[in-house]
Amino acid sequence: MIQSEVFQKKRMARRSLRASSTGIQQAKIALDCQNLTQKALAEEHQLASWSTINKFFTGKPVERRIFIDICNTLDLEWEDIAIQPEPPEPPPQANIPNPSIEPTHLLSALQQQANAARLALNPRILERIPRPIVEQKYIPAIHRGVLENKQRLIPLIGAAGYGKSTLLGDIYDHLNQTNTPWVALILCNSLVLDSPCSPSTLSLALGETACGIPIPITEIASILTPHYGRGVLLIDTLDLVLNRPFVSALNSIFPCLLHHHTTIVFTCRDHEYNDFLEPTRIKLAPICESIDRYHIPEFTASKNLDKPTHK
C-alpha cells in the first residue's frame, strides 16, 4: 500500500508543474500588462477554476496542461516559469589540482584575447568613419557604471548594416585609452555553446571566449574587480545566439556580473532584441532597472545625420 502511494505521488509529479518565485513574479507582471485578473482567467478565458488559477500564482502544483494554457494566455514560455527539475548528481571526478588563477595572468590573457578580437570589428569594405555619438552618448553611459558605481546593462540596438560592430570597436578603443581597469571583448560568432544552454555552461563559454582559459565569466569578474577595479564586458552581435534558453541563462549570469560591478554593453539587431528581450520587465525582470538602452542611428558618412534616436 505504501509503495502504491509513492508511485501515485511520483506519477502526479510528472503530470503537474509548479511556478518558481521568479516565474510567479513574471506572470503577475504579464497579468497586469494585459489588464487581466486571476478571476478573468478563470471566468472569461475559462482556463480552470479560480482555485486552480490561484494555485498557479501561489506556487502550488497545477495540472501540466492547465499550467501551459495559463502561460500561453499570458504570452509566457512555460519552461521559463516552471520550477525546473533538479539536475542529476554529476559523477565523481578525479582529484585534479585546480590552483587559483593569478589576477595578473588572467588580466594579461583577457587583454590578449580582446586585442585579437578587436581586429574583427574593423569594417571590411567601407572606410572607417568616426561617429560622434560614441563619445556623446555611449561612453558617458558606460562611465555611469564604471566611475559612478551604478549597475548598468547597456544594449546598443540597430538594424543590420547600421555599423554596430564598428561602434563597439570604437568603444573598446576609447575605454583602453582612458585606462579602464579591465575590458573584456566577446564576439558571439566565436561562442561555442552546449545544448541545452544552462547558466553554468554559458558562463564558462563566455569566459573561455573572453580570455582563452576555461573559467566562467562570472569568476573572471570576481577575480579582477577586487584587484584592479570595476571593468566592462563588451559583447558583439548577441542576436547570433539569442533564443529562449539563452535568455533564461542570461537572467542568472547578468545579475551576478552586475553584482561584481561589471558594466555590460552588447550589440544586437532590433528584430531579435524585440523578439527575445522585450518587454524587459518580463524577459529580463531581475535586472530591468539596470538597463540603459540605446538605438543606433543609421550608419552614414554625414556627421549631420549621425544623431541618436529615442533612447
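**Exercise 1. State how much space the largest pocket holds and what lines it.**

About 950 Å³ of space lies in the largest pocket. A pocket here is an open set of points on a 1 Å grid over the protein atoms alone where a 1.4 Å probe fits, with protein on both sides within 12 Å along at least five of seven lines. The model is predicted, and totals for linings use all residues, while local features need pLDDT of at least 70. Residues are numbered from 1 along each chain as its sequence is written.

Step 1. The lining has 32 residues, and Glu79, Asp80, Gln84, Pro245 and Ser248 lie nearest the centre of the pocket. A lining residue has an atom within 4 Å of a point.

Step 2. Among the elements giving two or more residues are α2 (21-33), α5 (64-73) and α10 (199-211). The largest share, six residues, comes from α12. Helices are DSSP runs (H or I, at least four residues), numbered from the N terminus.

Step 3. By class, the lining has 15 nonpolar, ten polar and seven charged residues. Asp, Glu, Lys and Arg count as charged; Ala, Val, Leu, Ile, Met, Phe, Trp, Tyr, Cys and Pro as nonpolar; the others, Gly among them, as polar.

**Exercise 2. Describe the packing of α7 against α9.**

Step 1. Helix α7 (residues 103-119) packs on helix α9 (residues 164-177) at about 140°, with the axes 10 Å apart. This angle makes α7 oblique to α9, because angles under 35 degrees count as roughly parallel, over 145 as roughly antiparallel, 65 to 115 as roughly perpendicular and the rest as oblique.

Step 2. Gln111, Ala114, Asn115 and Arg118 of α7 meet Gly169, Asp170, Tyr172, Asp173 and Asn176 of α9 (contact means heavy atoms within 4.5 Å).

Step 3. This contact has two nonpolar, four polar and three charged residues.

Technical notes:
This is a predicted model: local features need pLDDT of at least 70, side-chain atom pairs count only at pLDDT 80 or more; totals for chains, interfaces and linings use all residues. Side-chain values use heavy atoms; hydrogens and water are left out. Axes are lines fitted to C-alpha atoms, for helices over the stretch in contact, and angles run from 0 to 180 degrees between N-to-C directions. Grid points are joined across faces, edges and corners, and a volume is the space filled by probe spheres set on the points.
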